[in-house]
Amino acid sequence: MALPPNHMVMIRLSALGDVALTTGILLRWQETLGLSFTVLTREAFAPLFERHPAVREVVGLKPDDMRGARQRRLFRDLAARFRGVPLVDLHGTLRTRMLSALWQAPVYRYPKYAVTRRLFLLSGGRMGRASLLARNVPQRYAAALDPLSSRPAAPKDLLPFFPLTEEERAWSLAALSPLTRRAGPVVALHPFATHPAKAWPAEYWRELSLLLTRRGIAHVWIGRGNSPALTAPSAAAPSPGPDSPLSLDLTNRTDVRQLIALLAQADALVTGDSGPMHLASGVSTPVLALFGPTCREWGFFPAGERDRVLQSSAACRPCSLHGKTGTACGQICMRALTPDMVAEKLRDMLPPCQDRTPETIHLCGTFSKNGDGRSRG
């Protein structure tokens with residue numbers, strides 16, 4: 001494949017949310033700098049870049065590709081193939097530094113604030129806060145090419161971006177049809193977390209489901225994993241009739257593109273600090289995010305105009321950089337966010353829909369979407 005002179009290679013490997021956040025950065029760089037990209041990422045995340053206007057090619061790396069001699073051979077091959085093409089390293093780990101050492105062209109990196117984040121954590125929030133709050137993670141990514149840009153980008157200019165096909169939209173409408181036959185909003189519930197400390201308690205998810213049902217709000221469970229919230233009989237809340245259920249379980253039944261399509265049809269998403277939080281932002285679906293062991297300073301708060309965050313005021317927050325610790329205290333921070341609090345905040349976020357058809361979904365209230373998922377108005 002012949003590459004244009006304004007082409008670059010971008011590498012970001014894991015995790016889902018981190019990779020999802022690069023999609024808005026690439027779009028921004030295409031619009032402002034006229035760049036196109038080859039993306040190097042894990043094979044599982046390659047679908048995030050399907051039909052992305054700034055991406056010419058995605059090189060999906062398998063787990064075995066990133067071990068030992070096989071990784072060294074792969075990195076040498078990539079450096080030879082893209083000789084003279086600049087590399088944008090949006091990962092910044094030892095692995096990508098190894099690739100950078102072999103790269104035969106300029107390498108651009110972003111400020112990770114690794115030392116500042118650790119100082120903030122170890123000092124109990126007394127050191128480094130201003131620096132960390134000055135840029136969220138997408139802005140830090142964008143800073144990799146700040147020398148080429150005329151001005152820094154605002155958070156609203158860097159939201160993730162996932163264009164959907166008509167087939168994907170049709171599939172999601174069919175999948176949600178048991179809920180969308182009735183009037184009213186549909187809320188997506190994502191009860192999973194990479195680390196247990198970031199998970200909202202299972203009994204809270206079940207109580208929220210019952211609260212939504214009593215208020216006549218339909219909801220769909222999404223994501224992949226083994227959630228205790230869905231194993232108890234009360235997880236499937238009672239419905240008013242066999243033809244109009246208020247709760248639908250689609251967990252472990254979707255690939256990443258189908259998950260994005262489902263989120264595009266939802267009126268809101270409730271989730272913890274997770275990858276799907278950023279997927280929803282990429283299709284302009286409002287997010288209600290529940291933050292416990294992690295915090296705003298880490299840079300991952302959702303940045304959409306209608307996004308909301310609930311977090312406790314526990315003095316021990318944050319307890320880690322990635323939310324890997326915190327269960328020993330009984331998840332004080334997550335348990336402080338009660339189902340009643342979530343339900344009330346969610347009620348303020350939902351649009352007043354009187355009719356729900358394929359033509360009017362997401363067109364109620366003052367919020368609408370255009371065909372590519374970008375919000376307008």
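**Rings and cores in a predicted model**

Reader: Which residues do ring pairs link into a cluster?
Author: Rings of Phe, Tyr and Trp (its six-membered ring) pair if their centres lie within 6.5 Å. Planes under 30 degrees apart count as stacked, over 60 as edge-to-face and the rest as tilted. Here, ring pairs join up Trp200, Tyr204, Trp205 and Trp221.

Reader: What is the mean pLDDT of the chain?
Author: This is a predicted model, in which local features need pLDDT of at least 70 and side-chain atom pairs count only at pLDDT 80 or more, while totals for chains, interfaces and linings use all residues. Residues are numbered from 1 along each chain as its sequence is written, and side-chain values use heavy atoms, with hydrogens and water left out. pLDDT is the predictor's confidence in each residue, from 0 to 100. In this chain 86% of residues reach 70 or more, and the mean is 87.

Reader: Over which residues is the pLDDT below 50, with 22 contacts in the model?
Author: Contact means heavy atoms within 4.5 Å. The 22 contacts leave out near neighbours in sequence. The stretch is residues 233–244.

Reader: How many aromatic pairs are there, and why is Tyr110 with Tyr141 edge-to-face?
Author: The count comes to eight aromatic pairs. The centres of the Tyr110 and Tyr141 rings are 5.0 Å apart and their planes stand at 80°, so this pair is edge-to-face.

Reader: Are Tyr110 and Tyr141 buried or exposed?
Author: Buried means under 20% relative accessible area, exposed over 50%, partly exposed in between (1.4 Å probe, protein chains only). Tyr110 and Tyr141 are both buried.

Reader: How many residues apart in sequence are the parts that Phe120 and Trp298 tie together?
Author: The ring centres of Phe120 and Trp298 are 5.6 Å apart, with planes at 75°, so this pair too is edge-to-face. Helices (H or I, at least four residues) and strands (E, at least two) are DSSP runs, numbered from the N terminus. Phe120 lies in helix 4 and Trp298 in the loop between strand 10 (287–291) and strand 11 (308–311), so the parts tied together are 178 residues apart.

Reader: Which helix gives the most to the largest nonpolar core?
Author: A nonpolar core is a set of buried Ala, Val, Leu, Ile, Met, Phe, Trp, Tyr and Cys residues joined through side-chain atoms within 4.5 Å. The largest has 56 residues, and Trp29 and Leu48 have the most contacts inside it. With seven residues, the top contributor is helix 10 (residues 256–265).

Reader: How many residues has the second, separate core?
Author: Trp200, Trp221, Ala268 and Val270 are among its members. Its count is 26 residues.
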